Amino acid sequence: MLLWRSVVITLFLLSINEVRTQENVLLQEEQYFIPQVEERTNDGLYGIGLHQAESDKVDARSVAYQASNALAIDETRSIDLLLESISRNGDGQLRTKNLILVANEYFRKKDYNKAYSYYNQIDQQLLYGESLQEVCFKSGYCLLSKKNFDRSLDQFREATDIGGPYTTDATYYKAICHYYLNDQEAAIKGFTQVENNAEYKDLIPYYIAQIYFKDQDYQGVIDYMQSKINRQSMYNRSLIDRIIGLSYLAQDKPQQAITHLEAYATSTESITENELFQIASTHYKLRNYDEAIPHLVELSPQNTIIGQKSNYLLASIYLTKDHKKKAKSAFKKASDFHTKNEVALESEFNYYKLSAELGEQRVAINGLSQISSDNPYHQESQRILSHLFRNAQDLDAAIKAIENLSSKTPDVLSAYKEINYNKGVQLLSENKAQSSISYLKNSLNTPGDKHLDDECNYMIGLAYDKLDNKEQSSEYLQKYLKGDHKAHKFESNYMLGYNSISNNNYKEAQAYLLAGVDSYDPYKDDLGVLNDALVRLADIDLLQNNYEDAISFYDMAIANKSTESDYIHLQKAQIYDVQGKLYDRLTTLEDLIKNHPESEYEDDAVYEIGQALMDQQKQNEAYKVFYSIPQKYGEKSQYAQQSYLNMGLISYNSGDYQKAISHYNKVIQISNSKEDQRQALLAIEEIYLNGMNDPDGYFRYADKSNSLDLNRYDKDSITYMVAYSAYKKSQYEKAISLFSDYEKQFSDGYKLNDAQYYSGECYSLIKRYSSALSQYEKLLSDAAGKHYHNALKKSALIAYNHSQDFDKAHTYYSKLIELNNADTNLEYVQSAFYSAIKINNEESILDHGRRLIKIEELSTTDKGTAHYHLAKAYHRRNDLDNAMVSYSKVITSVDNHYASESGYLLSKLYYDKGEYDKAETQAYTTTQNSAHYPLWTCKSLILIGDILDYKSDYLNATAAYETVIENFPEQKESVAEAQQKLDTLNEKIKEESRIESEQEVIIPNQEEKTR
């Protein structure tokens, strides 16, 4: 039953479907079909209408409805559908309707070119009323956007004739067309018709003001705008301010003009250079210099006549304000204009003149020397140039400029001679002796002042002396002494004396040194050098056994407070010892201790006093002195064992045998010297056998002690004494050979240390320093040895001054400071400091450097140099505060390349910390004081450029970079860096500039209204 019912329902549904299908066909055939797409479209159901149109068969009608519905819902394919509809329909209303839709869609999208192409296809004869007015108005607007004012005007005229919703708009734009077609009367008439319209009342004043202005009716502009100027919403207000300002300016009313012109310049995003110059020059005319400056600065980069005039006016303002650096930069910019007109020539001269006044000698010399004879400023340039040559600081620039002159007057040659001399002296002060010689010889070979020739001979001799070329040095120094100039007579004789010593010609050396001492001038000559000459004379007399003369020279050096006074006292005491003058020996040693309480020779002096007292038979007093030595200096002192030996002898002589044995036992315990041990054992033997008559006691003592080979000792002693005797007789070569034989025969001899030390002394006296150092260094393994201290000092001296082995020098001088607690010993600390610099020992540079700058005897120049190396060390460790302090100390202490580099680095540190004003001031000071050192001048100028760039002072930043590029070609890295920075700066200036090309002002049109 259920199955039957389902079959019936199925058949019923099929029959209903068949009936409906037949009905639809019948209705279509009899044309009773209702167009549902059109209904949906008319009802505003565009999405449903579009769907139904897509479902219908594709024909012109369905495409048209698809297009209109797609356009209504702003579907992206709407225009494509409209264009397909246009192609499917021939002429007629539907095609016209679709063309309008397409054109309006492009018009809405502001694609006026495409919009007009479709408006132009419309057959306007098929249109009437509002539709026709709309097409005419929008066609006119499209033509107006292309500045086709004639054809646009025709369309707007037709739109106004038709009438309708676009009449007011068409009237306004018709006036716009008249305005641009220079039909001023028609334009004013049209603007007046819509002037009170709410939509145009704020737009029209600009055009009417422009019309009056074009007609040169400047008063008309002012009168017309008087009642409207206070409107807040007025269109193109900034341009109206421009028109009013220029109108006042045309009437020679700058005070009224500048208010409007300034308002225009402030509010506009772009401005022509002519407009900006009018504003700047008006301020200039009114003496409103502070107001003129920013506008002139803005015009400064322009490579035009206006740019040139702007820089010239800017320079004149800066001169009025006494801002010479800024004026110089502006004159530089004005002089760079491609046409050398009067402004360029005057600016060029002023630029070089100001450079000279500001101490920028290279710029001034390079520039002034190139001003030709037909230049109106040639004569004045030559006058300034002559002064610059006479006072040249930038010697390289001056030399090059003079060498490039086609003819040289006697005055110029005289300046050239002096400049070469100064350059040679400068290089010599920088330890560039070889380079200095060529400049000094160049000066010597240039005709001129004979007095300067003498100076050159001396300086060349000094340079060769620094190069250790004794022969050439002596040649030029002797030439100097033959001349009339005597200012360097002392130094010349001193160097000649040393040259003779190096040749072992002591008689000649003595003659030169005596001549030097006789010519010493206390007001200008170095007292330290005099004292060294006196000591060398004393040494020569000592070699010749002229003891009284030696003492006389030593006394002179002591009276002059020689830094070697303590050593000299010790030498004198030894001379008195040889002469048998026991009292003089004793008082001299006492003076050493009294006057030099911190002397490294104090223990030597104390021991020698004990010996002197013994020689005077003052045994008790001598005993006390010897007893104090191990107590004060410790048992490792080189004199401790000798003191115990002497105390043993004094005790023995006084009959106190047990105390004597105790002292001799102490020697055996603490001494590493077999000779000292042997002397002690022999003394103990004598006490037991002769003093105490106790041979058994001696045998018991001897059994407990190491016995010594007495026969070997006798041979050892004799061999040594033969060599030492040759040394005392100044037979140094023979003594060296004999000491060498002793070392070979007695490798562990009792006198081995003595032989090694005096062999080193012999080598030193004949200037064979390398061999001397080897001998002295043999003694450095035993810090308790009696020659250790002297060997250490002499090893340090040779390593530093002769072999220049700064690792060794640093080690030895550091040890001397440590052993003697000699933080204030100038020689030790200074030598250790510079050795540390040579081997790049950062910790030691800081350690010794901080000691060195505290020493009072340190000269100002040496203190400045020490601060330089300290500053560099601090800088490397990023201890910037201490680095800056030390750099500042360098600048105030010296006037050389250290000061120039320190000045730059200090300014760079200020810059890195963001202290730009301090950085700029310091960098500029460095450029003023570093004419001798172009590298640091260039680096400082580049830094100044960077600072001014940061401050947006592009004019002066540009000038700083250009100064490097144009005047320092030899500084290739600096020139390349400056050029790269200048290129970057020029791009920035270009990007930030609001100055546009000169053109007639085209006013932006009112945005079209969507209808």
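Visitor: Which helix gives the largest share of the lining of the second largest pocket?

Guide: In this predicted model, that share comes from α24, which supplies 7 residues. Other helices take part as well: α19 (324-335), α20 (342-357), α21, α22 (378-390), α23 (395-403), α52 and α53 (954-967) each supply at least two residues of the lining, as does α24 (410-429).

Visitor: What volume does the second largest pocket have, and which residues are the closest to its centre?

Guide: The volume of the second largest pocket is about 1,100 Å³. Of the 50 residues that line the pocket, Asn 366, Asp 396, Ala 397, Lys 400 and Ala 401 are the closest to its centre.

Visitor: How do the residues of this lining divide into nonpolar, polar and charged?

Guide: The lining of the second largest pocket has 16 nonpolar, 18 polar and 16 charged residues. Asp and Lys count as charged and Ala as nonpolar, so Asp 396 and Lys 400 belong to the charged group, and Ala 397 and Ala 401 to the nonpolar group.

Visitor: How many cavities of 30 Å³ or more does the structure hold?

Guide: The structure holds 1 such cavity. The volume of the largest cavity is about 130 Å³. What makes a space a cavity is that a 1.4 Å probe fits but cannot get out, whereas a pocket is open.

Visitor: Which residues and elements line the largest cavity?

Guide: Its lining consists of 13 residues, and Glu 360, Gln 361, Thr 927, Thr 937 and Phe 968 lie nearest the centre. The elements that give two or more residues are α21 (361-368) and α52 (934-950). The largest share, 3 residues, comes from α21. By kind, the lining has 4 nonpolar, 6 polar and 3 charged residues.

Visitor: Why is α6 called oblique to α8?

Guide: Helix α6 (residues 93-108) and helix α8 (residues 129-145) pack at an angle of about 40°. Angles under 35 degrees count as roughly parallel and 65 to 115 as roughly perpendicular. The angle of about 40° falls in neither range, and therefore α6 is oblique to α8. The axes of the two helices are 12 Å apart, and α6 passes α8 in a left-handed crossing.

Visitor: Which residues of α6 and α8 meet?

Guide: From α6, Ile 100, Asn 104 and Phe 107 meet Glu 134, Val 135, Lys 138, Tyr 141 and Cys 142 of α8. The residues of this contact divide into 5 nonpolar, 1 polar and 2 charged. Glu and Lys count as charged, so the charged residues here are Glu 134 and Lys 138.

Methods: Residues are numbered from 1 along each chain as its sequence is written. This is a predicted model: local features need pLDDT of at least 70, side-chain atom pairs count only at pLDDT 80 or more; totals for chains, interfaces and linings use all residues. Side-chain values use heavy atoms; hydrogens and water are left out. On a 1 Å grid over the protein atoms alone, a cavity is a set of points where a 1.4 Å probe fits but cannot get out, and a pocket is an open set with protein on both sides within 12 Å along at least five of seven lines; lining residues have an atom within 4 Å of a point. Grid points are joined across faces, edges and corners, and a volume is the space filled by probe spheres set on the points. Helices (H or I, at least four residues) and strands (E, at least two) are DSSP runs, numbered from the N terminus. Axes are lines fitted to C-alpha atoms, for helices over the stretch in contact, and angles run from 0 to 180 degrees between N-to-C directions. Angles under 35 degrees count as roughly parallel, over 145 as roughly antiparallel, 65 to 115 as roughly perpendicular and the rest as oblique. A crossing is left-handed if the near helix is turned anticlockwise from the far one by less than a right angle, and right-handed if clockwise. Contact means heavy atoms within 4.5 Å.
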